[in-house]
Amino acid sequence: MNPYNFRLKGNVSFGLSLLIICFTSCKESTPDYGHPEDEKTVNNNFPDFGRMISPAEFQSKYPGEKVFKLRQDYPLTKPDDSELPGFLNIPFDEDEHWMEYINAVRDYSFEGMTEVDFVAQENKTRNWYHMPWMHWGPQGSEGFHGLAKEAEIGPYQLGEKQTQAYQTYALGFYNEFAGYTLAQMWKDGNNPDPNATQSPNGFPIGTVIFKLLFTDADESAADYLVNPMTWNAYVTPTWNNGLDTGRVVKPMQLIQMDMMVRDPRADKYGTGWVFGTFCYNGKLNDGKEGSRRAENLVPVGIQFGNDPQDTTNFINPYPVIRTLINPNLKQTKINPDSTKLPPQHLGWGGRLDGPVDLNTSSCMSCHATAEFPKIASLVPKEAFIGDTNAMGQLTKLTETDAAAFRAYFQNLKCATPYTETATSADFSLQVSLALGYFTEWKDENVAGHWVNEYERIPTPMHRDGSLKIESNQ
């Protein structure tokens with residue numbers, strides 16, 4: 001196959017205007033060029049994807065298929081409160097109602113989407129957007145569906161039949177409330193504003209973000225991947241330590257869906273966010289075809305805090321045989337229905353994590369590290385140190401008293417940086433990546449710096465979101 005480097009087109013599209021780049025807030029220092037007062041959306045022209053076979057090969061071998069188009073016309077006006085999702089009235093923290101809540105979020109995300117194969121521009125029910133700059137770098141997005149390379153699935157992580165490693169690719173979607181924040185960040189495409197996701201800003205109440213995760217594993221590795229929802233994708237043959245040494249077209253199977261909701265009722269738990277995770281189970285297919293098979297996603301659970309008071313030190317080692325539920329957790333709810341949900345390893349101490357995530361982390365602790373520049377590790381080193389079984393898989397962590405590990409499972413207020421000297425990406429790892437990728441591109445193509453980068457002083461904040469005030473005494 002002849003790879004076609006769309007990155008070059010992205011470089012040309014920015015042209016000489018890159019010479020005015022700075023990272024200060026657009027509100028304070030940069031005129032809003034290119035967006036007259038009567039414009040309602042951002043009109044940038046970010047590349048749609050980063051890696052793809054040549055146009056000639058695509059047209060000859062895949063007639064009738066479409067290439068991915070980035071939805072980037074972010075709204076400059078925040079939606080009215082009348083457009084807030086109805087599920088914000090469902091109690092997410094009650095045992096009797098949390099499943100109703102998470103299924104309502106899934107239905108909200110799928111409405112108008114499954115009919116159009118998750119093409120955001122074709123959804124007639126509500127607007128959904130994508131994150132720009134996912135095209136950049138060795139893990140850049142591909143051209144069939146916009147899937148970006150994410151992580152490795154280690155041997156036995158999905159079950160005892162999975163004897164080799166696989167990989168995951170993913171695509172994220174942002175509703176109109178989230179799209180408003182993306183507009184504030186990217187309305188000047190040459191001068192993104194990282195402060196758009198830092199307090200007193202941040203994603204507004206009503207934000208819904210969901211992500212579909214695909215793998216090159218199939219039913220031979222995990223029997224619940226039978227009757228798959230499959231997308232063609234231009235991906236690396238294997239994970240290969242995250243490197244991109246050549247790509248091939250291969251089928252990728254839907255395995256997981258993650259969602260996050262900015263729900264004001266989660267403020268009392270110190271986070272402001274509600275996370276949910278789903279696992280695909282094709283055994284429930286019952287005749288569904290195409291993208292309707294996304295309905296085979298089964299709730300794993302919900303999380304609205306890290307239960308920092310619970311230091312129960314256990315992990316469910318690979319290969320997982322059954323789901324172990326920790327009854328002491330108050331801010332994680334796990335689906336107990338083993339007739340529909342395949343066995344799950346979950347995260348440390350039974351906190352929420354999906355099948356392609358690590359069993360020593362949690363959804364919320366991982367996303368809390370989202371910041372710019374990225375200083376904190378996605379997962380602390382202590383999450384990889386411990387006792388192992390005969391298969392070489394971790395059975396118990398031995399460094400859980402370390403300060404970095406304990407901090408990882410504290411509750412962090414929304415729009416608050418994990419690292420004091422960084423700027424918060426408000427729990428969005430794609431925001432953190434996008435700003436980082438933009439910076440890499442700028443450094444590679446301009447090979448210089450601006451004084452503004454050194455004049456931007458982060459606002460020191462405590463983990464609870466309160467400002468740090470230096471004493472003069």
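This passage describes the overall make-up of a predicted protein model, its nonpolar core and the setting of one serine. In this predicted model, local features need pLDDT of at least 70 and side-chain atom pairs count only at pLDDT 80 or more, whereas totals for chains, interfaces and linings use all residues. Residues are numbered from 1 along each chain as its sequence is written, and side-chain values use heavy atoms, with hydrogens and water left out.

The protein has nine helices and 14 strands, these being DSSP runs numbered from the N terminus (helices H or I, at least four residues; strands E, at least two). Of its 473 residues, 57% count as buried, that is, under 20% relative accessible area with a 1.4 Å probe and protein chains only. Among contacts (heavy atoms within 4.5 Å) with a separation of 6 or more, 70% come from residues 24 or more positions apart.

The largest nonpolar core, a set of buried Ala, Val, Leu, Ile, Met, Phe, Trp, Tyr and Cys residues joined through side-chain atoms within 4.5 Å, has 117 residues, and Phe 87, Tyr 101, Phe 118, Trp 133, Trp 186, Leu 212 and Trp 273 have the most contacts inside it. Strand β7 (residues 248–262) supplies the largest share of this core, namely eight residues. Beyond its neighbours within four places in sequence, Phe 87 is in contact with residues including Tyr 101, Val 208 and Val 261.

Ser 109 lies in helix α4 (residues 98–110) and counts as buried because its relative accessibility is 0%. With neighbours within four places in sequence left aside, Ser 109 is in contact with Trp 128, Val 208, Phe 210 and Met 257.

How values were computed. Buried < 20%, exposed > 50% of the residue type's maximum accessible area, 1.4 Å probe, protein only.
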